[in-house]
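Biologist: I would be grateful for a close look at a single part of this protein. Please describe that part and then what surrounds it.

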Amino acid sequence: MRPDSNSTQRAFFGRRKGHPLKARQAALFETLLPRLALDLTKPAPTDLRTLFGNVDEARLEIGFGGAEHIIAQAKANPRIGFVGSDAFINGVAKALVAIDDEKLTNIRLHFGDASELLNWLPTSAFTRIDLLYPDPWPKRRHWKRRFIQDDNLKRLARILKPGGELRFVTDIAGYAAYALARVLRSQDFVWTAECADDWRKAWPDFAGTRYEAKAKREGRVPAYFVFRRV
């Protein structure tokens with residue numbers, strides 16, 4: 001990680017490991033992950049699509065959790081290349097199993113802090129960035145670790161093509177307000193909502209996650225934001 005600013009030193013994730021890996025998951029870390037992992041020790045390609053072969057565009061999902069959304073998107077869009085970043089070993093293990101089961105060739109992974117990845121990626125690499133249910137860091141003293149920050153919005157804008165979209169979902173009302181305030185004062189993004197349903201309802205191709213199902217069972221209401229890169 002480059003030591004050029006405080007923002008690049010900050011970790012935006014919580015724990016890195018939960019349950020012990022199953023034998024197959026551990027094996028895929030040795031066999032499949034090396035073929036899919038981005039090599040941040042080498043310069044990034046100018047055109048990120050070359051990592052995938054024959055694709056029309058590339059998208060990024062930051063903190064893919066159980067990988068339900070990125071797997072569904074990759075299956076539904078074989079002509080799109082997907083980069084998934086997560087620092088949680090069990091989430092990466094689930095992604096590897098699903099990629100192997102579905103024989104998907106249009107996903108590449110970064111196992112680590114997304115801040116490292118943002119430093120490495122080329123300018124205007126993606127047409128869309130998904131940030132779904134990131135850690136809300138509810139205690140005020142931890143708010144600086146929330147992913148939506150003024151400096152991170154500038155970093156996301158750099159790697160997003162003009163006209164591209166940053167899609168953000170949270171079930172925590174305080175984080176929704178916090179994030180929206182920072183996007184609205186940004187010079188790089190505009191909120192696309194025209195009516196309440198535009199943020200109360202998921203976009204048509206949204207693939208739900210286990211975390212979302214749990215949030216709804218517990219009475220938390222998600223908010224779905226789409227911000228366009230100007």
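Biologist: The part I have in mind is S4. How many bridges join S4 to strand S5 (residues 160–170)?

Modeller: The model is predicted, and a word on confidence should come before the details. The protein chain has an average pLDDT of 93, and 92% of the residues score at least 70. Residues 1–15 have a pLDDT below 50, and this stretch makes 40 contacts in the model beyond near neighbours in sequence.

To your question: S4 and S5 are joined by six bridges, and the two strands run parallel. One pairing can be located on the structure: Asp130 has Arg167 in S5 as its bridge partner. The connection between these strands involves helix H7 (residues 150–159), which together with S4 and S5 makes a right-handed β-α-β unit.

S4 also pairs with strand S1 (residues 57–62), in the parallel sense and over four bridges. Here Arg59 stands opposite Arg128 of S4. S4 itself, residues 126–132, is mostly covered, with six of its seven residues buried.

The pairing can be followed further through S1. Six bridges join S1 to strand S2 (residues 80–86), and these strands run parallel. Ala58 has Gly81 in S2 as its bridge partner. Between S1 and S2 the chain passes through helix H4 (residues 68–76), in a right-handed β-α-β crossover.

S2 is also covered, with seven of its seven residues buried. In a regular strand, the side chains alternate between the two faces of the sheet. In S2, Ile80, Phe82, Gly84 and Asp86 point one way, while Gly81, Val83 and Ser85 point the other way. Beyond S2 comes strand S3 (residues 107–111), which runs parallel to S2 and is joined to S2 by five bridges. Ser85 is paired with His110 in S3. With helix H5 (residues 89–102), S2 and S3 form a right-handed β-α-β unit.

Let us now turn to packing around S4. In soluble globular proteins, nonpolar side chains tend to be buried together. The largest nonpolar core in this model has 36 residues, of which Leu60, Leu121, Phe126, Ile129, Leu156 and Phe189 touch the most other members. S4 is among the elements that give two or more residues to this core, together with S1, helix H6 (114–120), H7, S5, helix H8 (173–184) and strand S7 (223–229). H8 gives the most, with six residues. Another core, of 23 residues, lies apart from this one, and Phe29, Ile80, Ala95 and Val97 are among its members.

Leu60 shows how S4 meets its surroundings. Setting aside residues up to four places away in sequence, Leu60 touches Phe126, Arg128, Ile129 and Asp130, among others. Its further contacts include Val83, Leu117, Leu118, Leu121 and Ile159.

A last residue to inspect is Arg229, which is found in strand S7. Why does Arg229 count as buried? Arg229 counts as buried because its relative accessibility is 18%, and the cut-off for buried is under 20%. The side chain of Arg229 reaches the backbone oxygen of Ala157 at 2.8 Å. Neighbours within four places in sequence aside, Arg229 is in contact with residues including Leu160, Lys161, Pro162, Gly163 and Gly164, as well as Asp188 and Phe189.

Conventions
Residues are numbered from 1 along each chain as its sequence is written. This is a predicted model: local features need pLDDT of at least 70, side-chain atom pairs count only at pLDDT 80 or more; totals for chains, interfaces and linings use all residues. Side-chain values use heavy atoms; hydrogens and water are left out. Buried means under 20% relative accessible area, exposed over 50%, partly exposed in between (1.4 Å probe, protein chains only). Two strands pair if DSSP finds at least two bridges between them. A crossover is right-handed if, with the strands pointing away from the viewer, the path from the first strand over the helix to the second runs clockwise. A nonpolar core is a set of buried Ala, Val, Leu, Ile, Met, Phe, Trp, Tyr and Cys residues joined through side-chain atoms within 4.5 Å. Contact means heavy atoms within 4.5 Å. pLDDT is the predictor's confidence in each residue, from 0 to 100. A polar contact is a pair of N or O atoms within 3.5 Å; within protein, one must be able to donate a hydrogen and the other to accept it, and residues adjacent in sequence count only if both atoms are side-chain atoms.
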